[in-house]
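User: Please take me through the model in front of us, one question at a time, and explain the terms as they come up.

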Amino acid sequence: MSLDDFYAVALDLVKQSGAIIRDRINRPKDVMIKSCDVDLVTESDQQVEKLFMDGITAKFPDHRFIGEETTSSGEKVQLTDAPTWVIDPIDGTMNFVHGLPHTCISVALLINKITEIGLVYNPILEQFFTARKGQGAFMNGNPIKVSGEKELKKALVMVELGTSRDPEKMKIVMENLKILTSKVHGVRALGSAALNMCMVALGGADANFEFGIHIWDFAAGDLIVREAGGCCIDPSGGELDLLSRRVLCASSQELANEISNLLIQYFPERD
Ligand code: IPD
């Protein structure tokens, strides 16, 4: 079995998952609370994750999974060298619950801990972002690239408040917002970590950072941004670590470095 086979099967399953999200977004939902009142999950999150995992297992029984809804009950993520699918079945669950059309499925395939495939599909706005290592990034089959912006004062920066309301974390999030707002063109938040990163890949925004996200929120976005010519680093300036729950991506290394130097750092418990 080759990467082409893995890619073709995943593409089909992501399209099927997207059809479920599209069908359900404007219907009443069963909403459950996870870590706190603003960290939500719906029956659709669980169904989409199951659909994807069952579909992959039927074709590639030795593949492993790190799925938001099967992993996030507290246990540590086990990332091995085996082919591993990292899935966020609905990224932007809060948006999905409210019917705000910025919501997507995000899927990455890691082999030997290297990301080979990244897929992010917003089925409401029909934006399908795809990337394979060394082969560029695409939206709906058309090549995309980052803006290349290097100057902070001209940058549009995607931010998020995140799904934790821990006072220490909230204080740092707010302070970072305050620091950046006076120095950039603008700040925006889509409510989906994966889509924020895809906006950087598309060249519609110039940078994005977040503390406290999980591997399933940013593994696919990381590859899509890098294949679109951008860079993804740890917010402190070092190499990106997919289990660190920290990401900073930008349209250029210069911009990433400048943002990194300004940020007050926050180190959540690792995945
Ligand atoms: C969340 C969204 C949100 C981000 C959080 C994520 P979910 O994912 O991406 O924008 O700020 O950190 O956990 O819970 O909707 O899959």
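Analyst: Helices (H or I, at least four residues) and strands (E, at least two) are DSSP runs, numbered from the N terminus. This is a predicted model, in which local features need pLDDT of at least 70 and side-chain atom pairs count only at pLDDT 80 or more, while totals for chains, interfaces and linings use all residues. Residues are numbered from 1 along each chain as its sequence is written, and side-chain values use heavy atoms, with hydrogens and water left out.

User: In which loop is Asn-140 found?

Analyst: Asn-140 is not a glycine, yet its phi is positive, at about 50 degrees. Most residues other than glycine have a negative phi. Asn-140 is also partly exposed, with a relative accessible area of 39%, where buried means under 20%, exposed over 50% and partly exposed in between (1.4 Å probe, protein chains only). The loop that holds Asn-140 is the one between strand 8 (137-139) and strand 9 (142-144).

User: What is the relative accessibility of Asn-112?

Analyst: Asn-112 lies in the loop between strand 5 (104-111) and strand 6 (114-122), and its phi, near 55 degrees, is a positive value in a residue other than glycine. Asn-112 counts as partly exposed, its relative accessibility being 48%.

User: Which strands stand at the edges of the open sheet of five strands?

Analyst: The strand order in this sheet is 11-10-12-14-13, with mixed pairing, and two strands pair if DSSP finds at least two bridges between them. Each edge strand has a single partner strand, so one side of it is left without a neighbour in the sheet. The edge strands are strand 11 (186-188) and strand 13 (231-233).

User: Which residue in strand 14 is the bridge partner of Ala-207?

Analyst: Strand 12 (residues 207-211) and strand 14 (residues 246-250) run antiparallel and are joined by five bridges. Within strand 14, the bridge partner of Ala-207 is Ala-250.

User: How much of the area that the ligand exposes when taken alone does the protein bury?

Analyst: The ligand is surrounded by 15 residues (each with a heavy atom within 4 Å of it), and Asp-91, Gly-92, Thr-93, Ala-193 and Glu-210 are the closest. Among the polar contacts, which are pairs of N or O atoms within 3.5 Å, a polar side-chain atom of Glu-210 lies 2.5 Å from an oxygen atom of the ligand, and a backbone N or O atom of Ala-193 lies 2.8 Å from an oxygen atom of the ligand. Taken alone, the ligand exposes 380 Å² (Shrake-Rupley method, 1.4 Å probe), and the share of this that the protein buries is 95%.

Note on methods
Polar contact = N/O pair within 3.5 Å; in protein donor to acceptor, adjacent residues only side chain to side chain.
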